[in-house]
Each structure stands twice: as C-alpha cells, then as structure tokens.
Amino acid sequence: MKKIKIKNKQEIEKMEISGKLTAKVLEMIKKYVNIGITTEEIDKICHDYIINKQKAIPACLGYKGFPKSTCISVNDVVCHGIPNKYKLKNGDIVNIDVSVIKNGYHGDASKMFMVGKVNKKYKKLCKHTRKSLYIALKSIKPGIKISKLGKNIQKYISKKNFSIVEEYCGHGIGKKFHENPQILHYYDNREKTIIKKGMVFTIEPMINFGNKEVYCCKDGWTVKTMDNSYSAQYEHTVLVTNLGCNILTFQKDEKISKILINKK
Ligand code: MF3
Ligand code: CO
C-alpha cells in the first residue's frame with residue numbers, strides 16, 4: 001500500500017490559503033481571455049500576479065523543466081499546453097491550469113474559458129466536463145473507495161457520448177505538487193484505496209469530444225487528441241471532511257457549494 005498523507009490542522013490552514021490564491025488567479029484572468037491575446041501574454045499576467053500581488057510561487061514554472069507559470073491548452077490540446085505566441089481566436093475553448101505555492105503548500109485548479117462565440121457542441125463539452133467534476137466532488141466522503149469517483153465520472157460521461165482521457169489523473173497534493181493517491185477519472189476495479197478524512201487531492205477530468213486517444217508532442221509537454229477533436233478539463237483541489245469535502249479552490253462562479261455534505 002502506498003502511503004497517503006493525512007493533513008493536520010496547521011497544514012489544512014495553509015492549504016486553504018494556497019487553494020484560495022489559486023482560485024483567485026483564475027478569477028482575475030477571466031477578463032483578459034479574449035480574441036487576439038496570446039497565451040504567452042495570459043501566462044505573463046498570471047505569473048506577475050502570483051509573484052507580485054500574492055507573494056507566492058507559480059508551481060508549474062521549472063517543474064520537471066516546464067518553461068512557463070501556467071498550462072494553457074486550446075481546443076484539441078488536452079493538457080500541459082505551453083503558453084506561446086498563438087493568438088486566441090473567435091470560437092476557441094481554452095483551459096488555464098494554475099498551481100500556486102504559498103507557505104510551502106500547493107493549490108491546483110483549472111477551468112475552461114470560451115473565446116467569443118463558441119459552437120454549441122463545444123459549450124456542451126465544457127458544461128458536461130464541469131458537471132462530471134461536480135459529480136465526483138459530490139461523491140466524496142470518508143470510508144468509500146477512491147475508485148467510486150472515476151466510476152461516477154465514467155457513468156455520467158458515457159451517457160453523453162464523449163470520452164475520458166486515461167493517461168492523466170488527479171493526485172494527492174500538499175508540500176509536493178503530486179502526491180499519492182492517484183485519482184483515476186474512469187473505473188478501475190484494482191484501485192482499492194479508501195478515502196479518509198484529512199486527505200487532500202485533486203480531481204481533474206479531461207474529456208474529449210471524439211475518441212479518448214491522446215499523444216504527447218515533440219516539445220515533451222503538449223498533449224493533443226489523436227483525432228484532433230476538442231478537449232475540455234476542469235480541476236479542483238479538495239479536502240476530505242467528516243461529512244464530505246471542502247473545495248479549497250472554490251471560485252465565485254461555481255454552480256456548486258464550497259462545503260459539500262454527502263449523505264448518500
Ligand atoms: N497542473 C497540472 C496538474 O494538474 C500539472 C502540470 S505540470 C506542469 O497536475 F509542469 F506542466 F506544469
Ligand atoms: Co493537478
């Protein structure tokens with residue numbers, strides 16, 4: 001059995017702060033995500049905000065050699081897009097993935113932004129991806145198997161005729177960016193880990209409009225769909241409580257509450 005850290009009160013207080021700062025970056029950046037801005041410019045705004053306003057550290061910058069402070073993934077880019085000279089255009093769907101370190105602890109969240117007028121089918125893709133994250137969040141409580149989360153995401157997404165990316169998963173988070181456990185976004189019966197109070201982890205489903213297959217580009221980071229279909233992702237960092245979970249990276253425009261009680 002792999003060791004999973006249970007966070008104590010002091011650590012939880014720090015992770016609440018890191019989570020809030022991470023959420024704040026995503027709220028702050030919204031008004032800049034418009035036609036004509038480059039993903040590199042968006043990254044620069046986030047970077048400066050994290051360093052100068054938050055007095056915090058962008059966790060992505062230099063992580064295993066990643067060259068920028070955020071991951072920005074447009075259209076058929078599934079995740080880990082490197083901010084570059086690409087100018088956002090009308091109809092793009094854009095994931096911005098932010099991770100902030102404050103007081104030695106990480107927060108991690110991402111969400112989709114729509115540029116100009118987005119095709120209805122891609123709006124749906126984003127909506128259902130977020131819903132699948134919410135379904136997983138609402139399933140969390142101590143005593144159940146972690147595999148239940150992926151199971152519930154899969155149940156929902158399979159009904160929508162989209163596909164779930166299997167190569168990347170959610171993760172424990174704390175002093176380290178990526179800790180145990182792994183959170184799969186699909187069902188695997190070999191996953192026996194039980195959720196316990198005080199665990200902190202991310203859930204971050206990547207959902208493709210077409211087939212589930214993806215590949216990593218020559219730059220060593222950018223992950224794209226094999227069939228060039230568009231892909232969406234939403235991510236939150238959560239703390240497991242007695243009764244459910246708290247969304248540490250909760251933002252203003254959520255369609256769910258920060259504190260979730262799971263009576264089922
Ligand atoms: N933020 C990503 C995650 O959710 C990790 C990105 S690693 C980076 O786990 F190096 F690309 F930043
Ligand atoms: Co993550």
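The buried residues of helix H2 pack against helix H1 (9-29), strand S1 (57-58), strand S2 (71-74) and strand S4 (93-102), in what is a predicted model. H2 itself spans residues 39-53, and its partner H1 has a buried set of its own, which packs against H2, S4, strand S5 (105-114) and strand S9 (200-203). The points below take up H2, then H1, then the packing of the two helices, and finally histidine 128, which has its place in helix H3 (residues 120-139).

**Helix H2**

- With 15 residues, H2 reaches 20 Å from its first C-alpha to its last, which is close to the 21 Å expected at 1.5 Å a residue.
- The residues of H2 that are buried are Thr39, Ile42, Asp43, Cys46, Tyr49 and Ile50; because they cover an arc of only 130° around the axis, they lie on the same side of H2.
- After H2 comes lysine 55, a residue whose phi is positive, near 50°.

**Helix H1**

- H1 has 21 residues, and the distance from its first C-alpha to its last is 31 Å, close to the 30 Å expected at 1.5 Å a residue.
- Buried positions in H1 are Glu11, Met15, Ser18, Gly19, Leu21, Thr22, Ala23, Val25, Leu26, Met28 and Ile29, a list that includes Glu11 and Thr22 alongside residues such as Leu21 and Leu26.

**Packing of H1 and H2**

- Two packed helices are described by the angle between their axes and the distance between the axes.
- For H1 and H2 the angle is about 135° and the axes are 10 Å apart; the two helices are therefore oblique to each other, and their crossing is right-handed.
- On the H1 side the residues that meet H2 are Lys24, Val25, Met28 and Ile29, and on the H2 side their counterparts are Ile42, Ile45, Cys46, Tyr49 and Ile50.
- Val25, Met28 and Ile29 of this contact set are also among the buried residues of H1, while Ile42, Cys46, Tyr49 and Ile50 are likewise among the buried residues of H2.

**Histidine 128 in helix H3**

- Histidine 128, located in H3, has a relative accessibility of 11% and therefore counts as buried, the cut-off being under 20%.
- When residues up to four places away in sequence are not counted, histidine 128 touches Tyr156, Ile157, Lys160 and Phe162.
- Lysine 111 lies 17 residues from histidine 128 along the chain, and the C-alpha atoms of the two are separated by 12 Å.

Terms used
Residues are numbered from 1 along each chain as its sequence is written. Chains are lettered from A and ligands numbered from 1 in the order in which they are written. This is a predicted model: local features need pLDDT of at least 70, side-chain atom pairs count only at pLDDT 80 or more; totals for chains, interfaces and linings use all residues. Side-chain values use heavy atoms; hydrogens and water are left out. Helices (H or I, at least four residues) and strands (E, at least two) are DSSP runs, numbered from the N terminus. The expected span of a helix is 1.5 Å times one less than its number of residues. Buried means under 20% relative accessible area, exposed over 50%, partly exposed in between (1.4 Å probe, protein chains only). The arc is that of the directions from the helix axis to the C-beta atoms. Contact means heavy atoms within 4.5 Å. Axes are lines fitted to C-alpha atoms, for helices over the stretch in contact, and angles run from 0 to 180 degrees between N-to-C directions. Angles under 35 degrees count as roughly parallel, over 145 as roughly antiparallel, 65 to 115 as roughly perpendicular and the rest as oblique. A crossing is left-handed if the near helix is turned anticlockwise from the far one by less than a right angle, and right-handed if clockwise.
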